[in-house]
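Visitor: I would like a close look at a single part of this protein, taken slowly and set in the context of the whole chain. Could you choose one strand and describe its surroundings?

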Amino acid sequence: MLLAAATVPAADQAPSASTADTSELREILITAPEPRYVAPTRRDRIGRIWAPVFINGQGPFRMALDTGSTRSTVRAEVAATLGIIPNPDESVRIRGVTGTSVVPTMRVQSMIVGDMALSSQRLPIILDPLGGADGILGNEGLRDKRIYIDFLNDFITIRLSRSEPAPEGFLTLPFEYGKGDVPIVEARLGRIPVKAIISTGGEMTLANLAARDALLRQRKQEASVETITDVTETSLTAEGYRTPPISLGDAIRISTPRMTFSDLAVFESWGMTSEPTIMIGMDAIGLLDTLIIDYRRAELQILMRANTPRALF
């Protein structure tokens, strides 16, 4: 999870490089000990969504797709591979889930994955972008795209949306665009109406304090003490509570025995502190068979796993 960054002065242009031929992007093989596109984290074996990205015509680099991030970032090793020296005088302040950090940046001429092509990007450089990926692929340039993620077959495509309806057997959920184009769906936490942000970069499902207060008004309980750390290396103490399932529409329920609640910086940045809000992470999303995010249709298209009852998502 990474929000848009504020600039901290001035500008040097990085060396130019050739642009990748998009015709070569249809079949991409990445040699790695984990699966090519959906890799488990070390701690929870949560499926991360890996996208193969060409930068300045080189790669592909494995970047973690984060639909809750408004900006792409890379590790310092990527800059070294590209032969780019980061400019410390051209730094930005990045905002993560829990806090902020000032980091150097590098300028690149092109970023290409599937049908998504971005030019003249300035990428912040961070230490550990989500479980050891080469970087974070944010949601820049996704407004007219369709992301197809097949968890069981370890496959992802990003291409132009043609506003296709959902394939047979898929459930559909409309979403609205939040600040920074993050997808938000209407949901319920038990009987509590909540806004639900779809965040493929988050390990766990998180909630704001308005959701906690609504939950405790229904059932008093003791909290566990937990810690949240984000890509800015900022940590925050949080509270854990037993929670009822999250309902999405009439057919999908996410079984969440416990959830973490905190006054997160990300909720404040989105202006979502006053109403109950949750951020659905990979602990829930990774249980699906297939997830399609059609940004042009503003719709989630979901295929449940064959052996997973809909009521348990």
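**Strand β23 and its surroundings**

Guide: Of the 313 residues of the protein chain, 54% count as buried, and the model from which this value is computed is a predicted one. The chain has four helices and 24 strands, and among contacts between residues at least 6 apart in sequence, 67% join residues at least 24 apart. Its accessible surface comes to about 13700 Å², with 49% of that area belonging to carbon and sulfur atoms.

The part I would single out is strand β23, which covers residues 290-294; five of its five residues are buried, so the strand is largely enclosed by the rest of the structure. In a regular strand the side chains alternate between the two faces of the sheet. In β23, T290, I292 and D294 point one way while L291 and I293 point the other way, and all of these residues are buried.

β23 pairs with strands on which some of its residues have named partners. With β10 the pairing is antiparallel and extends over five bridges, and within it I147 has I293 of β23 as its bridge partner. With β24, which spans residues 299-303, β23 also runs antiparallel, again joined by five bridges, and here T290 stands opposite L303. β23 and β24 form a hairpin with four residues between them, and in the turn A298 has a positive phi of about 55°.

On the β10 side, D150 deserves attention, as a residue of the strand that runs from 145 to 150. D150 counts as buried because its relative accessible area is 9%, under the 20% cut-off. Leaving aside neighbours within four places in sequence, D150 is in contact with F155, D289 and T290, and T290 is one of the residues of β23 that point the same way as I292 and D294.

I147, the bridge partner of I293, also leads into the wider interior, since it is listed with I55, M106, M111, L137, L248 and I280 as touching the most other members of the largest nonpolar core, which holds 62 residues. For I280, leaving aside neighbours within four places in sequence, the contacts are A196, I197, I198, S199, T205, L248, I254 and I285. A second, separate core of twelve residues includes V182, L206, L264 and V266.

Technical notes. Residues numbered from 1 in each chain as written. Predicted model: local features only at pLDDT ≥ 70, side-chain atom pairs only at ≥ 80, totals over all residues. Heavy atoms only, no water. Core = buried A, V, L, I, M, F, W, Y, C linked by side-chain atoms within 4.5 Å. Buried < 20%, exposed > 50% of the residue type's maximum accessible area, 1.4 Å probe, protein only. Contact = heavy atoms within 4.5 Å. Helix = DSSP H or I, 4+ residues; strand = E, 2+ residues; numbered from the N terminus. Areas by Shrake-Rupley, 256 points an atom, 1.4 Å probe, with all protein chains shown as cover. Pairing = 2+ DSSP bridges.
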